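Good morning, colleagues. I should like to take you through a few local features of one structure, which I ask you to keep in view as I speak.

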Amino acid sequence: MKKIKLGDLCKPSQGQIKEQPDTVIDYIDISSVDNESKTVTGYQTMTFEESPSRARKAVKKGSILVSTVRPNLNAVALLEEDTPNLSVASTGFCILDCKDNVDNRFVFNFCKSKPFIDDMVSQATGASYPAVSDKIIRSALIPAYSYDEQRKIGEILDRVSSVVESRKHELDVLDNLIKARFVEMSSEWNCQEKPLGDYLDEITYGFTNPMPDAEEGPWKITAKDVVDGHINFETARKTAKKSFDALTSKSKPVIGDVLLTKDGTLGRTAIVEEEGICVNQSVAVLRCNNQVVPRFLSLLLQLPEYQREMTKNSGGGTIKHIYITKVDKMFVRIPAIDKQESFIKFVEQVDKSKAIVQQALNETQQLFDKLMQEYFG
């Protein structure tokens with residue numbers, strides 16, 4: 001199909017605005033755009049005089065905001081409604097206002113497409129702060145569909161995208177249901193807060209020296225491999241058995257141990273379900289005593305109040321880390337074993353529902369990706 005420049009579908013750039021000092025504006029900066037949902041999540045209200053020098057691009061209902069910095073993150077959004085005051089965006093955005101015979105939702109979906117993202121990433125300059133110019137964005141090539149075709153494509157993609165968001169919302173609701181149920185049940189537990197260490201036989205962390213990679217051998221688990229309560233062996237690597245055998249027991253968790261990520265991405269948990277693995281220093285190993293079920297402890301540590309407690313005093317500069325001595329002393333409320341098992345059963349039922357919704361989400365997302373590929377190549 002013939003392609004034209006994105007800028008040919010949009011009105012000329014208005015450039016930077018100049019307003020009276022006392023003009024009240026609603027300022028949309030880069031942090032106001034959620035690059036996952038592709039929406040404007042908020043704005044700051046101030047006078048033009050108070051605004052930063054970056055607040056210089058006028059936007060209105062229907063404007064498409066495309067971040068010019070870190071194009072790989074694809075921070076784009078369509079302004080669905082006018083804000084109460086004069087809407088002004090950061091100069092870190094390229095603003096696309098479509099011509100009257102152009103469907104803005106079609107253009108918006110193109111700006112979310114892989115071909116557009118790849119094109120922008122390939123032209124970005126700057127090592128630590130890659131960026132593209134408005135000119136580069138407006139020069140991107142877009143399929144030259146007719147207006148009626150644009151509307152049809154925009155409507156189809158919006159419908160499928162709406163289902164994707166609905167599925168994500170269902171998952172959020174189920175997650176919140178677990179948290180709400182925990183609060184409800186904990187009010188009936190009649191148990192005192194005690195240091196976490198009272199429920200552990202041991203708390204330690206893995207090896208600190210580099211371990212070689214190997215095609216075959218025991219798994220070596222790092223923080224990145226601990227996801228959603230499980231070890232993700234698809235991302236994990238193996239090490240040589242000779243190197244594994246030389247490790248001390250503290251780096252070799254056993255079945256039933258709870259893993260806790262302590263460096264980088266903090267506070268994720270998993271339960272060890274097979275023997276013959278080792279962990280590095282980014283992962284803490286919590287060995288439960290007979291007062292706590294490992295599955296319950298893993299779930300407990302994922303709850304917001306304990307996540308906050310573990311991470312509030314995290315140390316480090318670029319890479320944050322949790323101090324396991326503080327985790328060991330952290331006060332927790334853990335009921336009798338039968339109460340723990342009751343909560344686990346509830347979570348398992350919710351997890352079954354989540355699996356069904358997740359499968360539906362995956363299928364809908366695949367359909368959306370297929371359509372995007374079909375329409376935008």
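**Packing around helix α2**

The buried residues of α2 pack against β7 (64-67), α1 (104-111) and α3 (134-138). Please bear in mind that this is a predicted model. Which residues of helix α2, residues 114-123, are buried? They are Phe116, Ile117 and Met120. These residues lie on the same side of α2, because they cover an arc of only 95° around the axis. The general background is that an α-helix has 3.6 residues a turn, so residues three or four places apart point the same way. On the other side of α2, Lys114 and Ser122 are exposed.

I turn next to strand β18, residues 258-261. Val258 and Leu260 point one way from β18, whereas Leu259 and Thr261 point the other way. In a regular strand, side chains alternate between the two faces of the sheet. Here, all four of these β18 residues are buried.

With which strands does β18 pair? With strand β19, residues 269-271, β18 forms three bridges in the antiparallel sense, and Leu259 stands opposite Ala270. With strand β21, residues 283-288, β18 also runs antiparallel, joined by four bridges; there, Val258 has Leu286 as its bridge partner.

Finally, consider Ser51, in the loop between β5 (44-47) and β6 (55-58). Is Ser51 buried or exposed? Ser51 counts as buried, because its relative accessibility is 9%, and the cut-off for buried is under 20%. A polar atom of the Ser51 side chain lies 2.6 Å from the backbone oxygen of Phe48. Beyond its neighbours within four places in sequence, Ser51 is in contact with Ile25, Met46 and Arg56.

Terms used. Residues numbered from 1 in each chain as written. Predicted model: local features only at pLDDT ≥ 70, side-chain atom pairs only at ≥ 80, totals over all residues. Heavy atoms only, no water. Buried < 20%, exposed > 50% of the residue type's maximum accessible area, 1.4 Å probe, protein only. Helix = DSSP H or I, 4+ residues; strand = E, 2+ residues; numbered from the N terminus. Pairing = 2+ DSSP bridges. Polar contact = N/O pair within 3.5 Å; in protein donor to acceptor, adjacent residues only side chain to side chain. Contact = heavy atoms within 4.5 Å. Arc of directions from axis to C-beta.
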